[in-house]
Amino acid sequence: MNYVGIDIGSTASKVVVRGDNEMYFVLPTGWSSKETTNIIRERLKNAGVDVTAQETKVVATGYGRVAVDFADKVITEITCHARGGRELAGGDCTIIDVGGQDTKVIQVSNGVVMDFLMNDKCSAGTGKFLEIMANRLGITLDELFDLAKQGKSIPISSLCTVFAESEVISYIGEGRAKEDIAAGVIESVVAKVAQLAQRQALADTIILTGGLSHSTYFTARLSERLGKHVMPAEFGRFAGALGAAYLAEEKK
């Protein structure tokens, strides 16, 4: 048997296969979730996983989950991220998921979702915000984090991405150090994520998932803001797909 979890995110799509043909991979979602789904189907088939076979069970989640027309079940992001995050954390936890378009804080207790929060419909506290700011500075996301470590944070106070970008442009025009601007950009996202997380009582174990989950610098800054240790997770960006794969088996 193969149990496939597919997380079609707004920026990246993640796939986890558990069972006979274990594997995982990520690819850009691109402009069309449907096109991405077809690419995933072919890639799985080439790896020996036939999504139409009776011995394969598929659960889809994420922003574009309805595009996965061969899924046996479609399950919400909250449920799948909670299941995957619990597996990564080794038990009950608070999951902070910083995605491309939204940020979620999920409380898992006794193995189930007890509560969750999502940010407003704004990308200012998400990975997309960092991507936009990195592009404005003419650097990659990895370079943004590397520069931030060397800089002294300068304030970026706007709650709107458009206005925050204007602040960054102004700093560039003033000749401010790129390292200081990068530090300010990261600190701005950390502050918004922390503000959302602090609206709930945090568990003793806090895990970061999403595209920033591998960053020890981001988790260190977030830990300082929250006053509690936040665990980075190298496999954290696959939390939704991993949870979906486990649910494919558990709900078969």
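A residue is called buried when its relative accessible area is under 20%, exposed when that area is over 50%, and partly exposed in between, using a 1.4 Å probe and protein chains only. The model on screen is predicted: local features need pLDDT of at least 70, side-chain atom pairs count only at pLDDT 80 or more, and totals for chains, interfaces and linings use all residues. Residues are numbered from 1 along each chain as its sequence is written, and side-chain values use heavy atoms, with hydrogens and water left out.

**The whole protein**

Begin with the complete chain displayed as a cartoon. The protein contains eight helices and 10 strands; helices (H or I, at least four residues) and strands (E, at least two) are DSSP runs, numbered from the N terminus. Along its principal axes, the C-alpha trace spans about 60 × 40 × 30 Å. The radius of gyration is 19 Å, which agrees with the value near 18 Å for a compact globule of 252 residues; this radius is taken over C-alpha atoms, and the globule rule is 2.2 Å times the number of residues to the power 0.38.

Next, colour the residues by burial. Buried residues make up 54% of the 252 residues. Contact means heavy atoms within 4.5 Å. Of the contacts with a separation of 6 or more, 63% are accounted for by residues 24 or more positions apart.

**The sheet that contains β1**

Select strands β3, β2, β1, β4 and β5, which form an open sheet in that order with mixed pairing. The edges are held by β3 (23-28) and β5 (73-74), each with a single partner strand, so one side of each is left without a neighbour in the sheet. Two strands count as paired if DSSP finds at least two bridges between them. Strands of a sheet pair through backbone hydrogen bonds, either parallel or antiparallel.

Now select β1, residues 2-8. How many of its seven residues are buried? Seven of the seven are, so β1 is largely enclosed by the rest of the structure. In a regular strand the side chains alternate between the two faces of the sheet. On one side of β1 are Asn-2, Val-4, Ile-6 and Ile-8, and on the other are Tyr-3, Gly-5 and Asp-7; all are buried, and both faces are covered.

Add β2 (residues 12-19) to the selection. This strand runs antiparallel to β1, and seven bridges join the two. Tyr-3 stands opposite Arg-18 in β2. The hairpin that links β1 to β2 passes through three residues.

Then move to β4 (residues 56-61), which runs parallel to β1 and is joined to it by six bridges. Two pairs may be labelled here: Val-4 has Val-58 as its bridge partner in β4, and Asp-7 has Thr-61. Five of the six residues of β4 are buried, so this strand is largely enclosed by the rest of the structure.

Continue from β4 to β5. These strands run parallel and are joined by two bridges. The bridge partner of Val-59 in β5 is Lys-73, while Ala-60 stands opposite Val-74.

**The sheet that contains β7**

Select β8, β7, β6, β9 and β10, five strands that form an open sheet in that order, again with mixed pairing. At its edges stand β8 (112-118) and β10 (230-231), each with a single partner strand, so one side of each is left without a neighbour in the sheet.

Focus on β7 (residues 103-109) and β8, which pair in the antiparallel sense over six bridges. Lys-104 has Met-118 as its bridge partner in β8, and Ser-109 stands opposite Val-112. Between the two strands the hairpin has two residues, and in this hairpin Asn-110 takes a positive phi near 55 degrees.

**Ile-106**

Finish at Ile-106, which is found in strand β7. Is Ile-106 buried or exposed? It is buried, with a relative accessible area of 0%. Leaving aside neighbours within four places in sequence, the residues in contact with Ile-106 include Ile-78, His-81, Ala-82, Cys-93, Val-113 and Phe-116. As a last step, draw a C-alpha to C-alpha distance from Ile-106 to Asp-20: the two are 86 residues apart in sequence and 31 Å apart in space.
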